[in-house]
Amino acid sequence: MTTDEWWRTAVIYQVYPRSFQDSDGDGIGDLRGVTQRLPQLEQLGVDAVWLSPFMRSPQRDAGYDVADYMDVDPIFGTMGDFDALVGKAHELGLKVIVDMVPNHTSSDHEWFREALASRPGSAARERYIFRDGKGPHGEAPPNNWQSVFGGPMWDRVLDDGKPGQWYLHIFDSSQPDLNWENPWVHERFRDILRFWLDRGADGFRVDVAHGLVKQAGLPDYTPPEDGASMGGNEATEPYWGQPGVHEIWREWRDVLDEYDGDRALCAEAWVSPLERMAQWVRPGEFDQAFNFEYMFAAWTARDQRRIIDESLAAFQGVGAPSTWVLSNHDVIRHATRLGLPAALPQGEGIGPKSPFQPDVALGFRRARAATALMLALPGSAYLYQGEELGLPEVIDIPDEARQDPTWQRTKGKRYGRDGCRVPIPWEADAPAYGFSTSGRAWLPQPPDWARFARDRQEGVPGSTLELYKAALRLRRRKRLASGSVKWLNEWSRSRTVLAFRNRGVLVVTNLGRRPMSLPDGRLLLETESTHIGRNGKRMLPPDATVWLQATR
Ligand code: GLC
């Protein structure tokens, strides 16, 4: 193991291809669109892009339902477009991370079609998790598990034209879970990984990496009432974080190690506490895991400091960098989340009839402060497209325009994730804000988004885009990502202040309600305007972060 692998310090930008840039006017973003915009990502100052799934898929879960792992979906383009994207990214010095979805396939995948056409117990059925139902005629599902998207985790199929076995799906019924007890499945995925590595992928983000192995016997399980739907509620969840899953990751690691160039593996694994999560990034397994505890930490100095300390200790304890992340395609954008009066359950989403609504201005301030704090921390950070524009969650999407299966499966009880997936604005005055040449967008864009458009922010001092650029530039120049956090106790004694030093930079966040005076130091970055107070000291307003050059 070396300590200079690129991913240890990388800022990785998540592209959600369907909402990034549409080059052919069908209202859905595509790979050519991504390639066109890569220079803007390079200018932003990120090190890598992670592409959410663009493989062949019926798109019932926005591409997280793959029907062919070795082809590009026509709505996103062709394999040639992927090659061109990788070529351009590498030319610009950007790495490319591919999203891999091994827990389940689409029900349109030929493996599943073969399974349906085959008899119970056949080799084709053994690729998935088929079981007989309960009750005299097998009419009840094999156990009580409930899908993450709502409703039972089982669907019944026809055998010889009559109701027959049931298959398991942690997510939508169009996403049958693969049977990872079957060596055949292991072999197929090793081939799939090599396919993308051969084409220049610099690594993989692994979807639902904690779900692949189910507890033997599939015992009944009821998660806590207000529990997190993706797991991490308790140590013994029969379909989340089963110990056997680590064998799979060691196998994948070996495949990546056949290649040169520090190919990276990042886990989407909703496990807690952080010490348990750290087991996923032990040597020989993943390089990184998303730090969801950090994502959901409350906006208080105590919680933020605790999670930062625990993250650094847990990950460093196994020789891995911590990751930091505030937004992605599954959660309420942090510019809105941080303005909510209370946390909503994970996966719930927010809509016009939600029990509480955000304080928009507060969320925006806090989001900028939180990002500036995050980008000063050592390790690797993930950004989600549009956060560099300060985009909020879109709350008032018309019911009939919503597409997330969560919304459909819960009959509108949970809004789901469409609000963070709205196509992003590039040009204030262009149709669809420059997202699409035809002016179409697969989810409606709010009428007041011109103010967030990238071209309105470019070169404008104080804009969120310029804040991100400046932070990323300084982070690189000051080598903050390979530094360390030294708390400044004389400042952090206050229960509303976070203050630390990383290399020569003092980072101070005011989480209180009143302006506070700052330590001495040259101003490097501010998320709100600071001013010199009557005591001659620089004053930091509430919900703001500054970076100062330490004087000694
Ligand atoms: C992951 C993805 C999410 C998807 C789910 C099922 O959590 O991030 O978008 O719906 O897996 O594949």
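Colleague: Which cavity does the ligand take up in this model?
Modeller: The model is a predicted one. In it, the ligand fills a cavity. Among the cavities, that space is the largest.

Colleague: Which residues around the ligand come nearest?
Modeller: The ligand has 15 residues around it. Five of them come nearest: Asp61, Asp207, Glu268, His329 and Asp330.

Colleague: How many residues of the shell around the ligand are charged?
Modeller: The shell mixes three kinds of residue. Five are nonpolar and three are polar. The charged ones number seven.

Colleague: How far is an oxygen atom of the ligand from an N or O atom in the side chain of Asp61?
Modeller: Other side chains give a setting for this value. Arg417 has a side-chain N or O atom 2.9 Å from a ligand oxygen. For Asp207, a polar side-chain atom lies 2.8 Å from a ligand oxygen. For Asp61, the distance is 2.6 Å.

Colleague: How much of the area that the ligand exposes alone does the protein bury?
Modeller: Taken alone, the ligand exposes 300 Å². The share of that buried by the protein is 99%.

Colleague: How many disulfides does a search of the whole structure find?
Modeller: A disulfide needs two cysteine sulfur atoms within 2.5 Å. The cysteine sulfur closest to that of Cys266 is in Cys420, 17 Å away, so this pair is too far apart for a bond. Cys420 is in no disulfide either. The search of the whole structure finds zero.

Colleague: Is Cys420 buried or exposed?
Modeller: Buried means under 20% relative accessible area. Cys266, at 3%, counts as buried. Cys420 has a relative accessible area of 1%, so Cys420 is buried.

Terms used
Residues are numbered from 1 along each chain as its sequence is written. This is a predicted model: local features need pLDDT of at least 70, side-chain atom pairs count only at pLDDT 80 or more; totals for chains, interfaces and linings use all residues. Side-chain values use heavy atoms; hydrogens and water are left out. Buried means under 20% relative accessible area, exposed over 50%, partly exposed in between (1.4 Å probe, protein chains only). A residue is near a molecule or strand if one of its heavy atoms lies within 4 Å of it. A polar contact is a pair of N or O atoms within 3.5 Å; within protein, one must be able to donate a hydrogen and the other to accept it, and residues adjacent in sequence count only if both atoms are side-chain atoms. Accessible areas come from the Shrake-Rupley method with a 1.4 Å probe; for residues, only the protein chains shown count as cover. On a 1 Å grid over the protein atoms alone, a cavity is a set of points where a 1.4 Å probe fits but cannot get out, and a pocket is an open set with protein on both sides within 12 Å along at least five of seven lines; lining residues have an atom within 4 Å of a point. A molecule sits in a cavity or pocket if more than half of its atoms lie within 2 Å of its grid points. Ala, Val, Leu, Ile, Met, Phe, Trp, Tyr, Cys and Pro count as nonpolar, Asp, Glu, Lys and Arg as charged, and the others, Gly among them, as polar.
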